[in-house]
Amino acid sequence: MHSGNQYTEEYTSKESDKNNIAAWRQYLKDGFSAIKADFLKKPNNTHLFRQHCKLIDRLLITIWSKANIDESCCLIAVGGYGRGELYPYSDIDLLILLPDTVPDTEQSNSINNKLETLIGLLWDIGLNVGHSVRSLNECVDEAKKDITVQTNLLESRLLTGETNFYQSFLNRVNGTLEKPTDIANFFSAKLKEQNNRHYKFNDTAYNLEPNIKESPGGLRDIHMILWVTQCLNMGGSRLTTSSNTWALLTKQNIITPLEARQIQQHQRNLQLLRIRLHFLSNRREDRLLFDFQNELADSLGYVNTPRKRASEQMMQSYYRSVKFVSLINEVLLKSFQQMISTTPPVIISINEHFESCDQLLEAKTAGLLQQQPSSIFEAFLLLQKHPELKGMGATLLRNLQRVKRLVNRDFRQSQHNKKLFIEVLSQPNGVNHALRAMNRYGILGSYIPAFGKIIGQMQHDLFHVYTVDEHILNVLANLRRFAKPELKHEFPLCSQLFAEFDAPHLLYLAALFHDIAKGRGGDHSELGTIDAIRFCKLHRLPKADGELVAWLVAAHLKMSSTAQKSDLSDPAVIETFSHFVLNERRLIALYLLTVADIRGTSPLVWNAWKAKLLESLFNATKHALTNQLLYVQQAITTRKSEAAERLKKFGLSAQSYEHLWEKFGSSYFIRHESDEIAWHSRLLTPHLNTNQPIVRARLSPSGDGIQVMIYSKDQNDLFARICNFFDRMGYNIVEAKIYTTEHDYALDSFIVLDQSGKSVSYSGLLKFIEVELTQKLDKNCLLEPPLQGRISRQVKHMPILAQATITQEADNNNHKLEIIANDRPGLLATLAHQFLVHEIELHNAKINTLGNRAEDTFLISAKKGQKLDALRILALKEALISEI
């Protein structure tokens, strides 16, 4: 039992703790608010870091003293906090350093109990603490085992505790990097760590929602330089700030004063973005999410212009900063590698100007690039011709940065330089690597000024998840994949066509220019074509080659648009497209560029369904180009013949399905491929005049998704019921063929994919669709309202103005309805409901989703195939816009 006095003391102590917690929490809140107000009034990164660290230092020292921890222990700030770079909502990394030996068990238990109470108290106050409790020997052991721990301990500040003990800690930690082998191992481990981190972000910083801290070119890449510099200078003064680092590197002639100013400017830009992002999100948020981009741009003073949104301008500034950081990171790490190396370099002469130094390209004389600017292109050409080279050496890279201004008008006018650039494009290997390096080192944008304008430029949609320059280089990389025999299994047809194509460099030029005019206003295909024509003339390409490049740039969207928006089973569509491409060489070039382009927009856009569409369009057009005069009639005859052969294998004679084909009508064979005709005929021959809906499902012949056939007496709400069913299943309809037979039966065919774009199908699922959808088509079953799905977070911040365009078809009563809108669950069912309300007859549907953008095309008419009048068209458009 407690005595009365003892109880009173404990109660008073608890009350005191509560009061202290409330007071400290208020101190933290008031201090943080003052720092935030001060920053927003007059933004200064360094001042914020200093004030924030001071605020936390004072609080921790006060609490530590109150906790009455043993005097032999130290409280040490480590990591970013130890570096003095504490962002508004960053974790506060602490090391509690214990002596290696504690005199007795009772004292040890006392220290542990007090430390547990201390950490709990810090969390109660509202501090996001990341802590470790280690003895001196444990610190050294962990540092030797774990590179992250070792790095963390390099950046430390004593907050409170025994100074001599802390100095011993510094000496022991620094001692882990005394030997040349220790430094080499540290460097190697950090380089591997950086490479792995970059790999997590697909080795690109040019995503729409990049991570300011961790993405390539982000703040972590700057920290990497600080850590290695500190590691190399253990014998000298400790480096606690980045400004010390840049000053030291300048003093040692590793970077120039200009480069030091540039890196500090870009570092401040990234720090400023991260500070403001923390304040806007009220949490530790390092991703530049769409949710914050507009408000962030506004807070930084950006304003919308006719050509660029404020957020796009801000993001372009960000991308240019990370581009420079990536460059300086590469240059300095290569320099450090030379300094760390304990073996003499292996130097091999390549030609009169260049040599290999440890498999890195270097100039034989320091002034080569300055004296002979054309050697800039020669260097990239040598990297292609000598695959044993791993890149440019540090000295050559530094010199390249100092002379890149020489890639000017005179450089561009030089016939020798023009010839070298075309030679770079014409090499059998290394084209992608060469152009990426040219872009990374600032050469490509100087040589092609139009390309320089789109470096770091966002494309404000979720279909293109990369900046324009990164997308262009991705397209070029995809074309290069077609050239590699070891990758021919990915796209067999593309690989075969590419191997047979006589001038791959023309495809690379088309890739470079296809989106080069993005963001200028106007049609980027038309403006890019003008740029391409000018470039080809200046480089004296043969007239036919220049015309092909210009045509590809002008037409680069045509094939994907035709494949994804038109009915490819309609011979008239194929015939029109064949008239557009004119010849097989153009067709092959456009097909290769189109596949590479779609795959270069986003990792999630490409699927087997789109691959099949494009391949079908390519093959049908190739056939049409050789049989143009007879193509339509020939296609129908061929389809009937092929379908009959398939049915024969199932034991069906022509007499058994003749009556069925007669009821289907002649236009049925224009709308359906031979495989579909055989499938329908085999299943429906016994059910020509059935009173019950028939639903059958199979794996799609395209290899992706499920194909579903519905045969039923025609009813007004059929399409709406089908859309509702698949919406609630979580499946996307990507194609719908709506056909009405001569005897008024609906014969509809759908291709569906699950929401992720990939379909995992099995017999149970196919049976489920057949049984459940049949029930939903029963007229006695109540028609459900369209599903009102939630719009995604990203779509909310990238709104698309809804558009509905209705145009009359030239040779019939049908109208083409084109819808552009934000994609969302239930969109197609909503459209189907409006068709029902306005008594619209649907003949065909192509559903195309590009990131957050739905581009759907419908072939419609009034009931019984009648033409829509102007009033009904206007009413339908208004209703659709209102709904979507």
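This is a chat about some helices, sheets and cavities in a predicted model.

Reader: Let's start with helix 2 and helix 11. At what angle do they pack?

Author: At about 55°, and their axes are 10 Å apart. Helix 2 covers residues 45-67 and helix 11 covers residues 257-281.

Reader: What does that angle make helix 2, relative to helix 11?

Author: Oblique to helix 11, because an angle of about 55° is not under 35 degrees, not over 145 and not within 65 to 115.

Reader: Which residues make the contact?

Author: From helix 2, N45, L48 and F49. Helix 11 brings R268, Q271, L272, I275 and F279.

Reader: And by class, how many are nonpolar, polar or charged?

Author: The contact has 5 nonpolar residues, 2 polar and 1 charged.

Reader: OK, sheets. What is the strand order in the sheet of 4 strands?

Author: The order is 3-2-1-4. This sheet is open, and its pairing is mixed.

Reader: Which strands are at the edges there?

Author: Strand 3, residues 129-135, and strand 4, residues 157-161. Each of these two pairs on one side only. From one strand to the next, the twist averages 25°.

Reader: How do strand 2 and strand 3 run, parallel or antiparallel?

Author: Parallel, with 7 bridges joining them. Strand 2 is residues 92-98. As an example of a bridge partner, L97 has R134 in strand 3.

Reader: Which helix packs on that sheet?

Author: Helix 5, residues 136-145, which touches strand 2 and strand 3. The direction of helix 5 makes about 110° with that of strand 3.

Reader: Now the sheet with 3 strands. What's the order, and what's the pairing?

Author: The order is 5-6-7 and the pairing is antiparallel; this sheet is open too.

Reader: Why is one side of strand 5 and of strand 7 left without a neighbour?

Author: Strand 5 (347-349) and strand 7 (360-363) stand at the edges and each has a single partner strand, so one side of each has no neighbour in the sheet. The twist here averages 35° from one strand to the next.

Reader: How many bridges pair strand 6 with strand 7?

Author: There are 4, in the antiparallel sense, and strand 6 is residues 354-357. S356 stands opposite L361 in strand 7.

Reader: What lies across strand 6 and strand 7?

Author: Helix 16, residues 394-403, running at about 55° to strand 7.

Reader: Different topic. How many cavities of 30 Å³ or more are there?

Author: A search of the whole structure finds 5. The second largest has a volume of about 60 Å³.

Reader: What lines the second largest cavity?

Author: The lining is R721, N724, F725, K776, C781, L782, L783 and E784.

Reader: Which helix gives the most to that lining?

Author: Helix 35, residues 718-729, with 3 residues.

Reader: And how does the lining of the second largest cavity divide by class?

Author: Into 4 nonpolar, 1 polar and 3 charged residues.

Methods. Residues are numbered from 1 along each chain as its sequence is written. This is a predicted model: local features need pLDDT of at least 70, side-chain atom pairs count only at pLDDT 80 or more; totals for chains, interfaces and linings use all residues. Side-chain values use heavy atoms; hydrogens and water are left out. Axes are lines fitted to C-alpha atoms, for helices over the stretch in contact, and angles run from 0 to 180 degrees between N-to-C directions. Contact means heavy atoms within 4.5 Å. Ala, Val, Leu, Ile, Met, Phe, Trp, Tyr, Cys and Pro count as nonpolar, Asp, Glu, Lys and Arg as charged, and the others, Gly among them, as polar. Two strands pair if DSSP finds at least two bridges between them. On a 1 Å grid over the protein atoms alone, a cavity is a set of points where a 1.4 Å probe fits but cannot get out, and a pocket is an open set with protein on both sides within 12 Å along at least five of seven lines; lining residues have an atom within 4 Å of a point. Grid points are joined across faces, edges and corners, and a volume is the space filled by probe spheres set on the points.
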